[in-house]
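Please work through the exercises below with the sequence and the structure at hand. Each task is followed by a solution in steps.

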Amino acid sequence: RFQTSQIETCLAKAHTTLDMLCHMAQYIALALVMAHAPRAFGVYKFVASGEDAADLQSDFEVLPEENETGWLGADSDVSIVIGGGSTGKRVLWIFADTFMSRYDMHTKSRQWDGMKMPCSTVALVNCTRRSCSGRPTFYWREDGTATPFFELPKGEGNKDDLLWVVAGIASRDGSSVLLLAQRIRRPLDVMGSTAIVIHDVDKVDDPREWRYTVSELGDAEMTWFSGVTFAKETGDEVYLFGHEHTGGPHSFSSRGAKQPEHWSRTLLAKASLSDLLRHDWSSAQYWVEPGAWAPAWPPHERQKAKRLDVPTWETTCTWSPELELWYAFNVEGSAVAMWTAEAVTGPWQRSGEVYHLPAAFQGSGWLCYAAKAHPELQPRSASGTNEGDEMEATVRRTHILGADDEGRAELVFSWVCNAWGKDIEDLEQRELFQAGGMDLSVRGYWPRFVRVSAAAHRPFTIHIS
């Protein structure tokens with residue numbers, strides 16, 4: 001991108017007429033070369049490795065006082081940056097099925113007797129100027145006992161229906177939130193998707209005082225949404241990621257099978273977030289082929305939707321401006337793999353394993369999943385620079401004709417392991433509520449954080465920014 005504003009800044013920084021002429025000549029020459037020799041699309045070498053993020057893990061070590069009932073683990077682990085709070089910016093964490101129980105600090109264990117499991121709870125962390133990590137304050141609703149934070153309106157759906165929030169996004173100003181929830185009918189049938197909209201979250205500090213509305217979307221037969229992100233670094237358009245029937249009502253029975261729900265092929269849609277925040281999904285469109293989109297409604301149009309070869313069930317799909325790549329994490333056996341693409345429509349590639357689960361969770365009786373990115377936990381220095389640094393980087397890069405180009409980033413994701421198998425109640429007591437079960441080395445059903453160092457290497461790049 002040949003930007004005249006950068007030339008003007010460069011010229012303003014030059015100290016002599018000769019410097020000005022040299023800088024201008026370099027920009028013009030490189031622009032001409034770039035016009036005839038653009039960077040090859042899809043040609044990059046990706047390297048990444050992850051390790052446990054002890055500092056982030058420590059932040060989440062918030063346990064109830066002795067024999068007090070409190071938050072003792074959950075899955076889903078959705079994080080969204082919203083407005084409000086003491087600093088004007090905070091992270092909203094949303095969890096699905098949550099253990100609400102007493103904690104025995106002497107035996108380091110959750111207490112099974114009296115345990116409740118509401119299908120949704122939340123937490124808030126106030127951001128500072130430099131960081132959005134910190135100790136969360138957990139919130140849940142009570143009606144004599146712990147109850148779900150988000151529910152269908154009374155009289156709607158089956159009495160056994162519940163909502164599992166699996167993804168969410170906030171408006172650019174942080175005032176409104178869109179959540180995507182799977183509508184579940186016990187025991188474990190996915191009946192469709194539900195949109196949850198919350199307005200004015202920046203004006204009310206206590207989330208228990210928020211008011212929300214819901215609407216049904218998708219269906220069990222074709223697709224249900226499990227991810228949402230902004231399409232560009234500015235603007236109102238969002239991408240939505242969903243799954244067809246093979247990832248729907250019967251998905252949970254396939255856990256442990258050769259084709260688990262993690263491998264459901266992904267459907268891609270786009271829409272205006274401001275429309276979705278009004279529960280208006282009429283303008284949503286599915287990607288059907290390069291450069292072409294089709295209406296999401298009526299339902300028969302969805303049959304044209306093209307499938308992406310990237311697993312996005314119980315994960316996230318995120319753009320990294322440092323890497324200039326879209327990326328997703330996915331738990332595959334005992335490892336977490338990273339998938340990348342230069343365009344959200346692909347081609348996607350499995351870019352290798354970035355993390356191996358601890359040995360304690362690699363045996364039978366465990367199901368590990370929900371590898372979700374948390375960009376707000378990345379170091380600020382890795383997600384932006386000041387204007388002067390940007391200019392110096394531009395000049396430095398444009399001085400090297402045909403040089404290799406390498407983008408680097410430090411990413412963060414979380415994952416969860418749950419007890420899974422036959423006689424699930426007995427298995428949970430044995431693996432999640434046993435003496436010593438809250439020792440972090442063996443603690444299941446708890447968000448675990450990993451920091452990933454990643455680099456995308458593109459050979460022979462002619463780059464003008």
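The exercises concern a predicted model and treat ring pairs, charges over rings, disulfides, nonpolar cores and a sheet in turn.

**Exercise 1. A pair of rings**

Classify the aromatic pair of Phe-60 and Phe-449, and state which parts of the chain the pair ties together.

Solution.
- Step 1. A search of the whole structure finds 24 aromatic pairs. In the pair of Phe-60 and Phe-449, the distance is 5.1 Å centre to centre, with 50 degrees between the planes.
- Step 2. Planes under 30 degrees apart count as stacked and over 60 as edge-to-face, with the rest tilted. The pair of Phe-60 and Phe-449 is therefore tilted.
- Step 3. Phe-60 belongs to the loop between helix 3 (54–59) and strand 2 (69–74), and Phe-449 to strand 27 (residues 448–461), so the pair ties together parts that are 389 residues apart in sequence.
- Step 4. Phe-60 has a relative accessible area of 3% and is buried. Phe-449, at 2% relative accessibility, is also counted as buried.

**Exercise 2. A second pair of rings**

Determine the class of the pair formed by Phe-149 and Phe-150, and decide whether Phe-149 is buried or exposed.

Solution.
- Step 1. The ring centres of Phe-149 and Phe-150 are 5.2 Å apart.
- Step 2. The planes of Phe-149 and Phe-150 stand at 65 degrees, so the pair is edge-to-face.
- Step 3. Phe-149 is buried, its relative accessible area being 0%. Phe-150 counts as buried at 2% relative accessibility.

**Exercise 3. A ring cluster and charges over rings**

List the residues that ring pairs link into a cluster with Phe-60, and identify the ring over which the charged end of Arg-443 sits.

Solution.
- Step 1. Through ring pairs, Phe-60, Trp-71, Trp-93, Phe-95, Phe-138, Trp-446 and Phe-449 are linked into a cluster.
- Step 2. Trp-446, a member of this cluster, has the charged end of Arg-443 over its ring, 4.6 Å from the ring centre.
- Step 3. Elsewhere, the charged end of Arg-172 sits over the ring of Phe-230, at 3.6 Å from the centre of that ring.

**Exercise 4. The disulfides**

Find how many disulfides the structure holds, and give the pattern that they follow.

Solution.
- Step 1. A search of the whole structure finds two disulfides.
- Step 2. One of them joins Cys-127 and Cys-132, with the sulfur atoms 2.1 Å apart. This link has 105 degrees about the S-S bond and is right-handed.
- Step 3. Cys-127 is buried, with a relative accessible area of 1%, and Cys-132 counts as buried at 3% relative accessibility.
- Step 4. Cys-368 and Cys-417 form a disulfide whose sulfur atoms are 1.8 Å apart. The torsion about their S-S bond is about 95 degrees, so this disulfide is right-handed.
- Step 5. Cys-368 is in strand 25 (residues 366–373) and Cys-417 in strand 26 (residues 403–419), so the pair ties together parts that are 49 residues apart in sequence.
- Step 6. Cys-368 counts as buried at 8% relative accessibility, as does Cys-417 at 2%.
- Step 7. With bonded cysteines counted along the chain, the pattern is 1-2, 3-4.

**Exercise 5. The nonpolar cores**

Which residues touch the most other members of the largest nonpolar core, and which strand gives the most to this core?

Solution.
- Step 1. In soluble globular proteins, nonpolar side chains tend to be buried together.
- Step 2. The largest nonpolar core has 61 residues, of which Phe-329 and Phe-413 touch the most other members.
- Step 3. Strand 26 gives the most to this core, contributing eight residues.
- Step 4. Leaving aside residues up to four places away in sequence, Phe-329 touches several residues, including Val-336, Met-338, Leu-411, Phe-413 and Val-452.
- Step 5. A second, separate core has 23 residues, among them Ala-167, Ile-169, Val-197 and Leu-273.

**Exercise 6. An open sheet**

Describe the open sheet with the strand order 2-5-6, and name its edge strands.

Solution.
- Step 1. This open sheet has three strands, and the pairing is antiparallel.
- Step 2. Strand 2 and strand 6 (109–110) each pair on one side only and are the edge strands.
- Step 3. Strand 2 pairs with strand 5 (residues 98–104) in the antiparallel sense over four bridges.
- Step 4. Gly-70 has Ser-101, in strand 5, as its bridge partner.

How values were computed: Residues numbered from 1 in each chain as written. Predicted model: local features only at pLDDT ≥ 70, side-chain atom pairs only at ≥ 80, totals over all residues. Heavy atoms only, no water. Phe/Tyr/Trp six-rings, centres within 6.5 Å; stacked < 30°, edge-to-face > 60°. Helix = DSSP H or I, 4+ residues; strand = E, 2+ residues; numbered from the N terminus. Buried < 20%, exposed > 50% of the residue type's maximum accessible area, 1.4 Å probe, protein only. Lys NZ or Arg CZ within 6 Å of the ring centre and 35° of its normal. Disulfide = S-S within 2.5 Å. Core = buried A, V, L, I, M, F, W, Y, C linked by side-chain atoms within 4.5 Å. Contact = heavy atoms within 4.5 Å. Pairing = 2+ DSSP bridges.
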